[in-house]
Amino acid sequence: MGVEYRTEEFSDLHDQLQLDGAVVGQTPQLDNNGRRNVTSAYIETRIPITGPKWNVLPFYRVDITAAGRLDHYSDFGDSEVPTIGIEWRPFNEELMLRGSYSENFRPASLQQLFNHSLDALSGSPFTDPLRGDLVQEVNLKSGGNPNLQPETASQWTAGLVFSPKQVKGLRASVDWLQIKRKNEIGTTSDFFGYEYLAVQPGRYTRQPYEGDAAFLANNTDPNTGLPLPIPQIDPATGQPPAA
């Protein structure tokens, strides 16, 4: 068991060129900073239920591991995460069955919260799954988001380990695991790619449609003769919205 206290600080200072927006391909930057305090308490124990000196087959040896952690974040509040696991050797030390359940809590880092937003070109071409054409570059917006919520997860594992006495040094294992994440935190590039564009089109903004020459030629105000605003792509069809 134990306790812990720590302070985290973040400071990001830019040179004058970045502050003035004089860097090609970047928007003007701002200096950033943040701070948080974290107080923690944790405990872990391993409990032998049966063992070689006292057992009832098929419970030659059974051990249970239990742990818990409590954290208080000055900016996110409290989190409680448990862990429990079991190791079961039915007949001897050669075969072990094991399983566990745990929860996780990860608040956004200070950089992810307070970094100033940045617009920059991707620098690599890709095929837009809605338009079907090759896009040379896209504008990616990245930076901090002060509204980010903590990332949480739950994890289940199960498996077996086989260590036959007849083959010295051999240890074979098979494991299964399942991890479920909520409010996953990442960068723009983590969620940018064909698979995201195809299944979550509403999360991306496309430039006005430029592939229909007839539409562009006739897109004028009949009263003034001036060009009308070009509508955005309909994310469901990849075409201009119906009039």
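1. Let's start with the fold. The chain has four helices and 11 strands. Keep in mind as you look around that this is a predicted model.

2. Next, how much of the chain is tucked away? Of the 243 residues in the chain, 21% are buried. The accessible surface adds up to about 16,400 Å², and carbon and sulfur atoms hold 56% of that surface.

3. Now for who touches whom. Take the contacts in the chain with a separation of 6 or more: 57% of them join residues that sit 24 or more positions apart. You'll meet a couple of examples of such pairings below, so keep the sequence handy.

4. Have a look at the second largest pocket. Its volume is about 160 Å³, and three elements give two or more residues to its lining: strand E3 (61-73), strand E4 (77-89) and strand E5 (95-106). Which of these gives the most? That would be E4, with five residues.

5. Staying with the second largest pocket, its lining has 15 residues. If you want to find the middle, pick out Thr65, Ile84, Gly85, Gly99 and Ser100, which lie nearest the centre. By character, the lining splits into seven polar, four nonpolar and four charged residues.

6. Leu177 deserves a click. You'll find Leu177 in strand E11, which covers residues 172-182. Is Leu177 buried or exposed? Leu177 counts as exposed because its relative accessible area is 54%, and the cut-off for exposed is over 50%.

7. What does Leu177 touch? If you skip the neighbours within four places in sequence, Leu177 is in contact with Trp156 and Thr157. Try the distance to Tyr101 as well: Leu177 and Tyr101 are 76 residues apart along the chain, and their C-alpha atoms are separated by 9.8 Å.

8. Then go to Asn115, in the loop between helix H2 (110-114) and strand E6 (118-121). Asn115 has a relative accessible area of 26%, so Asn115 is partly exposed: that label covers values between the 20% and 50% cut-offs.

9. Asn115 has a longer list of partners to check on screen. Leaving out neighbours within four places in sequence, its contacts are Phe10, Asp12, Asn32, Leu110, Gly143 and Gly144. Ser142 is worth finding too: Asn115 and Ser142 are 27 residues apart in sequence, with 8.9 Å from C-alpha to C-alpha.

Terms used
Residues numbered from 1 in each chain as written. Predicted model: local features only at pLDDT ≥ 70, side-chain atom pairs only at ≥ 80, totals over all residues. Heavy atoms only, no water. Buried < 20%, exposed > 50% of the residue type's maximum accessible area, 1.4 Å probe, protein only. Contact = heavy atoms within 4.5 Å. Areas by Shrake-Rupley, 256 points an atom, 1.4 Å probe, with all protein chains shown as cover. 1 Å grid on protein atoms, 1.4 Å probe; cavity = no way out; pocket = protein on both sides within 12 Å on 5 of 7 lines; lining within 4 Å. Points joined across faces, edges and corners; volume = space filled by probe spheres on them. Nonpolar A, V, L, I, M, F, W, Y, C, P; charged D, E, K, R; others polar.
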